[in-house]
Amino acid sequence: MSFDESHGAPKGPSMRTPLGRVRNLGAAHSGTSDFWRQRITGVAMTLLMIPVIVIVMMLLGRNQAGAAQILGSLPIAVILLLFIFASAWHMKIGMQVVIEDYIHNEKLKLVSIMLNNFFSFAVALASTYAILKLSSGV
Amino acid sequence: MTARIDRPLSPHMQVYRWTLTMALSIVHRATGIALYAGTLLLAWWLIAAASGPAAYGHVQAFTGSIIGRLIVFGYTWALMHHMLSGIRHFVWDLGYGFKANEREALTWGALIGGIVLTILVWIIAYAIGGGR
């Protein structure tokens, strides 16, 4: 993978076809935006890793009432929401790369990418709902 | 479609001699896929905490069982390894660590560091009462 595929004049003879150059953006049709978001979410989760581990440690051995009280506190809820958001996005992109690499049947690939989106959004939304419910104390 | 041009094909990976960086590249992907599936456990745990004592009891019964502990231990390692292996990728993304000895060192670091961090996290977890 190389950035000079889309920027500036190619050095030496290019292997890209004129059609490929016109279509630009590559096989995923979204350029390098996913590549960049994969890095942003990765860095975010790395920064959040220690707080998240501390939160999980705080919950060990507690019953539901104790766990609910801790999970419902504002800073902890915010840290977990950030972590859930970053991980759902990160894993959605990561799994899409795997799908694009290994599934060559176009229809099956599109269905898989769709299911990947459904799964990632469902997990993120369900986890978010649980945390908001704990935070509101309903 | 475009006219057929004889483009060079890259040889299939099985012709290459196995290297550490190659193996760990596959492990990075495998741990990523495992973590993807593992988010179900995380979501189940949070939903159970929001649902009530009975639902939370089921999660605790599972995570307290031998198989549950093995899965959570594996999940911990996958997370620690994937994180360190990802940091290794950040180093490469920034343009550093491409010399043969550097990339080997980074890869060994991710492999050993992941195992060490996993064991460390579990020792702390048991020390503060996760074994209950």
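**View 1. I99(A), a partly exposed residue in helix α4 of chain A.** In this predicted model, I99(A) has 17 other C-beta atoms within 10 Å, so it counts as partly exposed. Buried would take 20 or more such atoms, and exposed 12 or fewer. Helix α4 of chain A is where I99(A) sits. Which residues does I99(A) touch once its neighbours within four places in sequence are set aside? They are K109(A), S112(A), I113(A) and N116(A). Take N116(A) from that list: it lies 17 residues from I99(A) along the chain, and their C-alpha atoms are 9.0 Å apart.

**View 2. L71(A), a buried residue in helix α3 of chain A.** Now for a leucine on the other side of the cut-off. L71(A) counts as buried because it has 22 C-beta neighbours inside 10 Å, and the bar for that is 20 or more. Skip the residues up to four places away in sequence, and L71(A) still touches I76(A), A77(A), I131(A) and L134(A), plus A49(B) from the other chain. Don't expect to find Q38(A) in the same close-up: L71(A) and Q38(A) are 33 residues apart in sequence, with 27 Å between their C-alpha atoms.

**View 3. The largest nonpolar core, with 38 residues.** Which members touch the most other members? That would be L71(A) and L134(A) from chain A, along with L46(B) and A49(B) from chain B. Helices from both chains feed this core: α3, α4 and α5 of chain A, and α1 (20-51), α2 (53-64), α3 (66-93) and α4 (100-127) of chain B, each supply at least two residues. Zoom in on L46(B) and, leaving aside neighbours within four places in sequence, you'll find it in contact with S127(A), A130(A) and I131(A). As background, nonpolar side chains tend to be buried together in soluble globular proteins.

**View 4. The contact between chain A and chain B.** Here 28 residues come from chain A and 29 residues from chain B. On the chain A side, α2 (33-59), α3 (64-71), α4 (74-102) and α5 (106-136) each put in at least two residues. Which helix of chain A gives the most? It's α5(A), with seven residues. Sort the chain A side by class and you get 17 nonpolar, nine polar and two charged residues.

**View 5. Helices α3(B) and α4(B) crossing.** The two axes come within 8 Å and cross at roughly 145°, and the crossing is right-handed. From α3(B), the residues making the contact include F73(B), W77(B), M80(B), L84(B) and R88(B). From α4(B), they include L106(B), A110(B), G113(B), G114(B), L117(B) and W122(B). By class, the residues of this contact divide into 11 nonpolar, seven polar and one charged.

**View 6. Chain B as a whole, with four helices and zero strands.** Along the sequence, chain B reads α-α-α-α. Its C-alpha atoms fill a box of roughly 65 × 45 × 25 Å along the principal axes. The radius of gyration of chain B is 20 Å, whereas a compact globule of 132 residues would be near 14 Å. How much of chain B is buried? Buried residues make up 23% of its 132 residues. Among its contacts between residues at least 6 apart in sequence, 67% join residues at least 24 apart.

Note on methods: Residues numbered from 1 in each chain as written. Chains lettered and ligands numbered in written order. Predicted model: local features only at pLDDT ≥ 70, side-chain atom pairs only at ≥ 80, totals over all residues. Contact = placed C-beta atoms within 7 Å. Nonpolar A, V, L, I, M, F, W, Y, C, P; charged D, E, K, R; others polar. Core = buried A, V, L, I, M, F, W, Y, C linked by C-beta atoms within 7 Å. Rg over C-alpha atoms; globule rule 2.2 N^0.38 Å. Axes fitted to C-alpha atoms, helices over the stretch in contact; angles between N-to-C directions. Left-handed = near helix turned anticlockwise from the far one by under 90°.
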